[in-house]
Amino acid sequence: GGVPSKALVQGNARYYEQRGSRALYRDEGLHVLLLELAVNLLLTDGPLLDKHHTDMFPLQKHKPNVLFLLSLHLNHPANERALLVLSSRLSAMGRGAHRLLKLLSSK
């Protein structure tokens, strides 16, 4: 890889600026708890994802692509410590939660 583009650097600076202004990121336990809640809302008791929170074609239905957004969030370097704690907690919850995290995370 070469030198990051100016837009990428500015976008990352904006991310850290917004992150610093949100109380959620000041408490890692709360951050992990909200990520755990998000993953739980995506799961059902069966092998499928919850249809109320996910959709095969979210953009066509004017819905946010929650799985993509959660993946971006989990894989951001600033969330690495939270991801480690989340991974441990989701592993204890069962295979479905851990499997979803493995699909969303690059680590």
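The largest nonpolar core of this predicted model has 14 residues, and those with the most contacts inside it are Leu35, Val39, Leu70, Leu74, Leu86, Leu90 and Leu101. Two or more residues of this core come from each of α2 (28–42), α3 (66–75), α4 (80–93) and α5 (95–104). In soluble globular proteins, nonpolar side chains tend to be buried together. Leu90 serves as an example of how the core residues meet: leaving out residues up to four places away in sequence, Leu90 touches Glu36, Val39, Ala97, His98 and Leu101. Of these partners, Val39 and Leu101 are themselves listed with the most contacts inside the core.

The core sits in a protein that has five helices and zero strands. Read from the N terminus, the elements run α-α-α-α-α. Taken along the principal axes, the box filled by the C-alpha atoms is roughly 45 × 35 × 30 Å. The protein has 107 residues, and 23% of them are buried. For contacts with a separation of 6 or more, 61% join residues 24 or more positions apart.

Asn79 lies in the loop between α3 and α4. With a relative accessibility of 1%, Asn79 counts as buried, because the cut-off for that class is under 20%. Which residues is Asn79 in contact with, leaving aside its neighbours within four places in sequence? They are Tyr15, Arg19, Tyr25, His31, His73 and Leu74. Leu74 also appears among the core residues with the most contacts, while Tyr15 leads to another feature, an aromatic pair.

The structure holds one aromatic pair. Tyr15 and Tyr16 form this pair, which is edge-to-face, with 5.6 Å centre to centre and 90° between the planes. A pair of aromatic rings is described by the distance of the centres and the angle of the planes. Tyr15 counts as partly exposed because its relative accessibility is 21%. Tyr16 is partly exposed too, with a relative accessible area of 39%.

The loop between α2 and α3 holds His62 and Lys63. His62 has a positive phi of about 60° although it is not a glycine. Most residues other than glycine have a negative phi, and most peptide bonds are trans. Is His62 buried or exposed? At 76% relative accessibility, His62 counts as exposed. Lys63 counts as partly exposed, because its relative accessibility is 33%. Not counting residues up to four places away in sequence, Lys63 touches Lys51, Asp55 and Pro58. From Lys63 to Leu49 the separation is 14 residues in sequence and 15 Å in space, C-alpha to C-alpha.

Leu49 is also one of the residues that line the largest pocket. Rolling a probe the size of a water molecule over the atoms shows where empty space is left. In the largest pocket this space comes to about 190 Å³. Its lining includes Leu43, Thr44, Gly46, Pro47, Leu48 and Leu49, together with Arg95, Gly96, Arg99, Leu100 and Leu103. By class, the lining residues divide into six nonpolar, three polar and two charged. Gly46 and Gly96, both in the lining, are placed in the polar class because Gly is counted there.

Conventions
Residues numbered from 1 in each chain as written. Predicted model: local features only at pLDDT ≥ 70, side-chain atom pairs only at ≥ 80, totals over all residues. Heavy atoms only, no water. 1 Å grid on protein atoms, 1.4 Å probe; cavity = no way out; pocket = protein on both sides within 12 Å on 5 of 7 lines; lining within 4 Å. Points joined across faces, edges and corners; volume = space filled by probe spheres on them. Core = buried A, V, L, I, M, F, W, Y, C linked by side-chain atoms within 4.5 Å. Buried < 20%, exposed > 50% of the residue type's maximum accessible area, 1.4 Å probe, protein only. Helix = DSSP H or I, 4+ residues; strand = E, 2+ residues; numbered from the N terminus. Contact = heavy atoms within 4.5 Å. Phe/Tyr/Trp six-rings, centres within 6.5 Å; stacked < 30°, edge-to-face > 60°.
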